[in-house]
Amino acid sequence: MNRGNDRLENLLIPFELLEPRTLPEALSMLADDDTAVRPMGGGTALMLMMKAAVFTPRRLVSLRALAPALGGIALDERGALCLGGMATLSSLEHSALVKTHASVITRAMPQLSNVRVRHVATVGGALAHADPHMDLPTILTALDARVQIAGPGGSRELFVDALITGYYETALAGNELITGVAIDAVPGRKAAYIKCTTRAADDWPALGVALSLVCSGGHIETARVVIGAATDRPTRVPAAEAALAGALIEGTTLAAATLDRVRDAVASQVVYTSDAQGSGAYKRQLARVHVVRAITAALQA
Amino acid sequence: MSVATRTINFTLNGAPVSATIAPHHTLLEVVRDTFGLNGARESCGQGLCGCCTLMVNGQSVSGCLSLAAFADGATVTTVENLAVDGKLSPLQTAFIECGAFQCGFCTSGFLLMATELLASNPKPTEGEIRNHLSGNLCRCATYPEVMRAVQLAAERMA
């Protein structure tokens, strides 16, 4: 049966919807200079912005047809874990490769949004959207993930830290697309992510703390400490990373003086924003507590 | 401005169907308003409450956040598809026996999410049930009864 659409009425404003079949075709449909033209991965975040009339697209370029080409999860020849830009969060959650090579992602996924959103939302979308409350960008920053970007002039690569430049802001041009993310294999690296929600368990986080520690011979060689959600972008804390570098591992913890330096660094070196999830001062205290819990969790991982 | 419409073809509850839609129509609107299947409902409109849950290609999605255009070629099922020849599914029967609803507004979403869970994980732990259903809200707060109903259905289906 074929039915008409005369009864349909919704909150969205009409737009042009394109569904390119190939990456070059998709790139040709984007525009560098028109913010009303946007690519769409899973679309969960954009749909919310459209319903709230924060975003009124003239043209949406759906990348769904690119999922077979850009939705994979694989290891490259150097052992790096490669996540396709169109890989869904669910596919990460249930991937044996991700569990083996980046188990911090596997552990974080069940607390990230809800099952239905994870079935649809994509890795590339989460990064390109640059909503500071998203968990994955904070985790990927701690893993020094490299983001592969395609544009009309060819491809380039940026660390997540360089990709996300501010509150919903990225270094992407309007006619560039994220095609994938690579996480290098680093022997001895342990990582953890702790998400603090102040309302429902699957609410947007008030704070996300992601941490990776490269351990060798009972010491921490190098560390990444990243604060997310409470900041305008995933924010590394170099003073905390410096405090951790060289620290002697004592079971699943570190010397009290080291932990004090890390706590002080995350409290004093980061600007915490106040919003519906909590005040800046409250989030600063959350960060002081949870950065130490994240260290313990990483050492136990 | 005239809106370009398009025809989508998909399988709805086992039957091939087509519909004429505009790019901004959601799948939830099409299922409800074009096909009269009112089990899925829009409540929060933000993918948080689960009342609009639909199954697309075997995976649960929030119908309110899904563009209908993307259903072209897909297999869509709704809560109306759970009963076979008028016989309720074991989960539906368990919901009734456990009183796992009060007003019933959220029930179709809970049923589809729990059906999805039991299909992939026939013996879920309490934590696994809670996790899978964490994106479904019941304003009557029948969560304990929902938990019992899912556990009861799992036992009976074992």
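These legends accompany three close-up views of chain B in a predicted model.

**View 1. Helix H3 of chain B, residues 107-120.** Helices (H or I, at least four residues) and strands (E, at least two) are DSSP runs, numbered from the N terminus. H3(B) has 14 residues and reaches 20 Å from its first C-alpha to its last, close to the 20 Å expected at 1.5 Å a residue; the expected span is 1.5 Å times one less than the number of residues.

**View 2. The surroundings of H3(B).** Eleven of the 14 residues are buried, so H3(B) is largely enclosed by the rest of the structure. Buried means under 20% relative accessible area (1.4 Å probe, protein chains only). Among the buried residues you will find Phe110(B), Met113(B) and Glu116(B). Their packing partners are helix H7 (115-120) of chain A and, from chain B, strands E3 (53-56) and E4 (59-62) with helices H2 (90-98), H4 (126-132) and H5 (143-157).

**View 3. Where domain 1 (6-81) and domain 2 (90-157) of chain B meet.** These bounds come from an automatic or database domain assignment. Here 17 residues of domain 1 of chain B are in contact (heavy atoms within 4.5 Å) with 13 residues of domain 2 of chain B. Across this interface the rule finds four residue pairs in polar contact (both at pLDDT 80 or more), a polar contact being a pair of N or O atoms within 3.5 Å, one able to donate a hydrogen and the other to accept it, where residues adjacent in sequence count only if both atoms are side-chain atoms. On the domain 1 side, E3(B) gives the most, with three residues.

**Notes.** Residues are numbered from 1 along each chain as its sequence is written, and chains are lettered from A in the order in which they are written. Local features need pLDDT of at least 70, side-chain atom pairs count only at pLDDT 80 or more, and totals for chains, interfaces and linings use all residues, while side-chain values use heavy atoms, without hydrogens and water.

Key:
Buried < 20%, exposed > 50% of the residue type's maximum accessible area, 1.4 Å probe, protein only.
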